Amino acid sequence: MTTLTVPTSTRRTTVPADRNLFRDISIVMRRELKPVLRDPFTLLFGMIQPLVFLALFGPLLAGSLGGSLDGGVWQWFVPSILVMTTLFGTSATGANLLAEFQTGAHERMLVTPLSRSSLLIGRALKEMVPLFGQAVIVIAVMTPFTFDLHLGGAIVGLALLAVFGIGLGSFSYALAIAVRKQDWMFWVVQQTFLFPLMILSGMLLPLESGPAWMRAASKVNPLSYLVEAERTLFAGDVTSTAVLWGWVAGLVTVALGLTVGIRTMLRSAD
């Protein structure tokens with residue numbers, strides 16, 4: 001009787017249908033973080049803009065509006081800078097994906113067993129790591145300058161920024177996929193939406209004295225609720241209605257961002 005031996009190379013490997021999404025997200029996140037860990041100077045370079053705003057724009061606010069701002073100018077302005085850092089950082093993350101399209105790295109990732117959803121969520125979570133580092137540096141720099149740190153509120157505020165940042169980063173990746181054949185359009189769309197959202201949120205200047213149409217526009221701007229929630233949290237109040245509306249804005253943003261981003265990612269091989 002002859003025994004038939006099946007060569008090892010022809011044996012079928014069984015892959016579980018329900019891959020561990022959290023494991024896939026962790027793999028993608030670690031892959032994306034490696035360049036940052038190899039070159040930590042990119043984190044320090046990213047600090048230039050927020051520190052310039054604090055050093056130059058802050059004294060102007062103190063001279064013109066300092067007496068009318070609740071808690072003082074720094075208590076009002078530092079949370080705005082943290083929101084601005086998140087806004088600029090996460091809205092530009094799609095540029096990294098455009099670079100991967102040009103080198104073919106994204107296509108190689110698509111043929112791996114990793115779930116398409118993890119490719120998006122892992123990349124978006126990666127962006128929050130340097131932003132957290134920048135936030136810690138901003139808070140440490142400003143604490144000696146009459147900025148009162150309320151640790152509990154600050155932790156909740158950073159968590160809210162992470163939720164919002166993941167949603168915005170997902171939108172950024174979806175935009176990059178949509179314009180990958182005309183990558184210059186990415187910056188056109190990003191800049192077109194970025195600055196109106198920032199100005200109409202009251203991030204840099206109070207809108208109470210602005211025209212009626214700007215105040216009305218701020219009511220439908222989700223960033224307005226995020227900025228107000230951050231100011232309230234960094235003032236030490238975690239139970240305010242403003243914080244609740246900030247979480248609503250953050251959760252709606254992340255839900256819509258992940259929905260649009262994942263659907264776009266699933267079609268990105270077409």
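In the predicted model, the side chains of E32 and R31 are joined by a polar contact of 2.4 Å. E32 belongs to helix α1, which spans residues 21–38. With a relative accessible area of 11%, E32 is buried, because the limit for a buried residue is under 20%. When residues up to four places away in sequence are not counted, E32 touches E100, R123 and K126.

The helix that holds E32 is one of 12 helices in the protein chain, and the number of strands is 0. The order of elements along the sequence is accordingly written α-α-α-α-α-α-α-α-α-α-α-α. The chain has 270 residues, of which 44% count as buried. Its accessible surface comes to about 14,500 Å², and 68% of this area belongs to carbon and sulfur atoms. Among contacts with a separation of 6 or more, 79% are made by residues 24 or more positions apart.

The buried nonpolar residues were examined next. In soluble globular proteins, nonpolar side chains tend to be buried together. The largest nonpolar core in this model has 36 residues, and L54, W74, F77, M203 and L223 are those with the most contacts inside it. At least two residues of this core come from each of the helices α3 (48–65), α4 (73–91), α7 (116–142), α8 (151–178), α9 (184–199) and α11. The helix that gives the most is α4, with 11 residues. The surroundings of L54 can be listed in detail: leaving aside neighbours within four places in sequence, L54 is in contact with P59, W74, F77, V78, I81, V138 and M142. A second core, separate from the one just described, has 17 residues, and L110, L119, L120 and L175 are included in it.

Aromatic rings were considered as pairs. A pair of aromatic rings is described by the distance of the centres and the angle of the planes. The structure holds 6 aromatic pairs. In one of them, formed by F186 and W187, the ring centres are 5.0 Å apart and the planes stand at 85°, so the pair is edge-to-face; the cut-off for this class is an angle over 60 degrees. The two partners can also be described by their accessibility. F186 counts as buried, at 0% relative accessibility, whereas W187 is partly exposed, with a relative accessible area of 40%.

In the pair of Y225 and W245, the centres are 6.3 Å apart and the planes are at 40°, so this pair is tilted. Y225 lies in helix α11 (residues 222–234) and W245 lies in helix α12 (residues 241–266), so the pair ties together parts that are 20 residues apart in sequence. Y225 is partly exposed, at 29% relative accessibility, and W245 is also partly exposed, at 46%.

Ring pairs also link F53, F57 and F77 into a cluster. F77 thus appears again in this account, since it is among the residues with the most contacts inside the largest nonpolar core and is in contact with L54. Another arrangement involves a charge and a ring. The charged end of R231 sits over the ring of W76, 3.7 Å from the ring centre.

How values were computed: Residues numbered from 1 in each chain as written. Predicted model: local features only at pLDDT ≥ 70, side-chain atom pairs only at ≥ 80, totals over all residues. Heavy atoms only, no water. Helix = DSSP H or I, 4+ residues; strand = E, 2+ residues; numbered from the N terminus. Buried < 20%, exposed > 50% of the residue type's maximum accessible area, 1.4 Å probe, protein only. Contact = heavy atoms within 4.5 Å. Areas by Shrake-Rupley, 256 points an atom, 1.4 Å probe, with all protein chains shown as cover. Phe/Tyr/Trp six-rings, centres within 6.5 Å; stacked < 30°, edge-to-face > 60°. Lys NZ or Arg CZ within 6 Å of the ring centre and 35° of its normal. Polar contact = N/O pair within 3.5 Å; in protein donor to acceptor, adjacent residues only side chain to side chain. Core = buried A, V, L, I, M, F, W, Y, C linked by side-chain atoms within 4.5 Å.
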